[in-house]
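Visitor: I am new to this structure and should be grateful for a close look at a single part of it. Would you please take the sheet as the starting point and then describe what is packed around it?

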Amino acid sequence: MKSYRYSKNWRLGEGAPYSHSPYRGESFLSSYLADRSAVLDELRLSTDEKARTTTFQELTLPKVLERIEVASDVTPNRELMALQIAQLVTLNLNPDCKSNLKSTSGSADIQELLDDFIYEACQAMESGEISEKKFGQLRIIARIFEVKKELYSSVSTARKIDSSVATAKSTYPKFATALGLALLLKPDLQLLSTFLKLNDRLIFELRSGKALAPESLVFSIVAEMFEVVSLARVHGINLVWP
Amino acid sequence: MFGLEFGLIGAPTGRTLAYLKRLYSDCLIPSWIALVDSDFSKPSDEIEHLSGRNPEDWPEESEEEVLRKQNDKSSVLDWLAKRGVGFIALKAKSFNDPLVVEFVSQIDSKYIVYSGFPGEIVGPNFLGTAKKFLHVHGGYLPDFKGNTTFYYSLLEENKMGASSIFLDSGLDTGPIVNRLKFPPPKTREDIDYAEDDRIRAITLTNALQRISDEGDSLKTEENSGGKTYYVIHPVLKHIAILSQQTHGGKGVHRN
């Protein structure tokens, strides 16, 4: 079985390595899962000390787990999922933030938009509903990432990509969290594709020793693998959850 | 009866070859054919045909192989030569090159079939030549705009689609001449090479026939809204190819 290589050769600024991707047979999906599992094993060793109890963990994490368990016949590794808290603590989520693309003067701060989305998505774990407007804002951020292969610190209210503002790699972990939560609430193929690319990028950074928040990857990877395994099953492909 | 006068301008790619084969097979013969390429003296190397071999044995760096195979210049030129079909060689790297723009602006055809380089976006000078450029997008518009939409639509609804549009300055936003849906192919591994081109070629000839039949009374369809997709991640592409779904229906919802 050949190794999964999309998390190993992110060619920043040279265009995505995803165009014209060749078909490599069924074993490609196994190599993808094996690669992601290996990263989770590494993270399990390095992040368990950072987990701590907060209201956020008590209220939101069980709902996330419940959603995954109800929607599938697999039980994700609770120990790993518990590490989600490390991510949310690391991200310094600000639930008071209420960013709005239309309410600010010309542009909105991406960090704030993501904070806002994550907060609302966590709330929505209870009701299962989140507004289409919030999804629309996340799609705009995803579009920037797809087109420019980067994120910038702010996004124009005119929905134009402004490359003149500073890039903001620090937003990637939050973006991954937002995508993971969004997909748990509502399947979306385009966002899942972006999520896979973003996680490839974050794993590449981790392996290069440049990860911004290594522990933040746990939730992102588990949520992504869950989405992929679920989608594969809908299509009659039985992937084995590692 | 087909009475439409039209030309074809294309890059020497597999898609252009598929269009030509279908057009000649259906007796929809273009008045002229122009090929755009930077060097007509050096046909591409013999492309190793990968299908039929175990995918695990394919070369490690084969995105380039995929691209080369799609742009197999020699096969287009060979096909034309074998049939004694002449073409106009426009030596340029891009359809936005002034040489190409000048050629198009001088040519006396209202309708021109466009088969460009993969990923190239034509600019205002090319589009400003006041011709009707007929382009076939590999997705059912306006629902599936953007890139690799064949795979997204297979995952979403287990169908493939294609739409003929008149090019405008937007991405897949031109008015729709016709759009068709197709069942998934029996062999999905060859979508990039064979099925993509086959479906687009069928949609193209269908559109030309419609333009011929309806002439100036042709009514195009609105192409606003829909969703824009970006290059699909290889994991999702593999699920689309390996899918066991045999009937249509939503392919993404849980519960």
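Guide: Two strands pair if DSSP finds at least two bridges between them. With that rule in mind, the sheet can be described from this predicted model. In chain B, 7 strands form an open sheet in the order β3-β2-β1-β4-β5-β7-β8, and the pairing is mixed. Its edge strands are β3 (88–91) and β8 (176–182) of chain B, each of which pairs on one side only. From one strand to the next, the twist averages 20°.

At one edge, β8(B) is joined to strand β7 (residues 160–166) of chain B by antiparallel pairing over 6 bridges. Within this pairing, S163(B) stands opposite R179(B), a residue of β8(B).

Helices cover parts of the sheet. Helix α1 (residues 14–25) of chain B packs on the sheet and touches β1 (6–10), β2 (32–37), β4 (111–115) and β5 (132–137) of chain B. The direction of α1 of chain B makes about 155° with that of β1(B). Helix α7 (residues 191–214) of chain B lies across β1, β4, β5, β7 and β8 of chain B, and runs at about 135° to β8(B).

The loops that follow two of the strands deserve attention as well. The loop between β5 and β6 (144–146) of chain B contains P142(B). The peptide bond from L141(B) to P142(B) is cis, with omega near 5°. As for the edge strand β3, the loop between β3 and α4 (98–106) of chain B holds F95(B), whereas F126(B) belongs to helix α5 (residues 124–127) of chain B. The search of the whole structure finds 18 aromatic pairs over all chains. In one of them, the ring centres of F95(B) and F126(B) are 6.1 Å apart and the planes stand at 85°, so the pair is edge-to-face. This pair links distant parts of the chain, its two residues being 31 residues apart.

Beyond the strands, the helix contacts may be taken in turn. Two packed helices are described by the angle between their axes and the distance between the axes. The axes of α6(B) and helix α8 (residues 234–242) of chain B come within 9 Å and cross at roughly 60°. The two helices α6(B) and α8(B) are therefore oblique to each other, and their crossing is left-handed. On the side of α6(B), the contact is made by Y151(B), L154(B) and L155(B); on the side of α8(B), by L236(B), K237(B), I239(B), A240(B) and I241(B). By class, this contact has 7 nonpolar residues, no polar residues and 1 charged residue.

Helix α6 (residues 149–157) of chain B also meets the other chain: its axis and that of α8(A) come within 11 Å and cross at roughly 120°. That angle makes α8(A) oblique to α6(B). Here L189(A), Q190(A) and S193(A) of α8(A) meet Y152(B), L155(B) and E156(B) of α6(B). The residues of this contact comprise 3 nonpolar, 2 polar and 1 charged. L155(B) thus takes part in the contact with α8(B) and in that with α8(A).

Within chain A, helix α8 (residues 189–207) packs with helix α9 (residues 217–234) at an angle of about 140°, the axes being 10 Å apart. The crossing of α8(A) and α9(A) is left-handed. The residues of this contact divide into 12 nonpolar, 2 polar and 2 charged.

Methods
Residues numbered from 1 in each chain as written. Chains lettered and ligands numbered in written order. Predicted model: local features only at pLDDT ≥ 70, side-chain atom pairs only at ≥ 80, totals over all residues. Heavy atoms only, no water. Axes fitted to C-alpha atoms, helices over the stretch in contact; angles between N-to-C directions. Helix = DSSP H or I, 4+ residues; strand = E, 2+ residues; numbered from the N terminus. Left-handed = near helix turned anticlockwise from the far one by under 90°. Nonpolar A, V, L, I, M, F, W, Y, C, P; charged D, E, K, R; others polar. Contact = heavy atoms within 4.5 Å. Parallel < 35°, antiparallel > 145°, perpendicular 65-115°, else oblique. Phe/Tyr/Trp six-rings, centres within 6.5 Å; stacked < 30°, edge-to-face > 60°.
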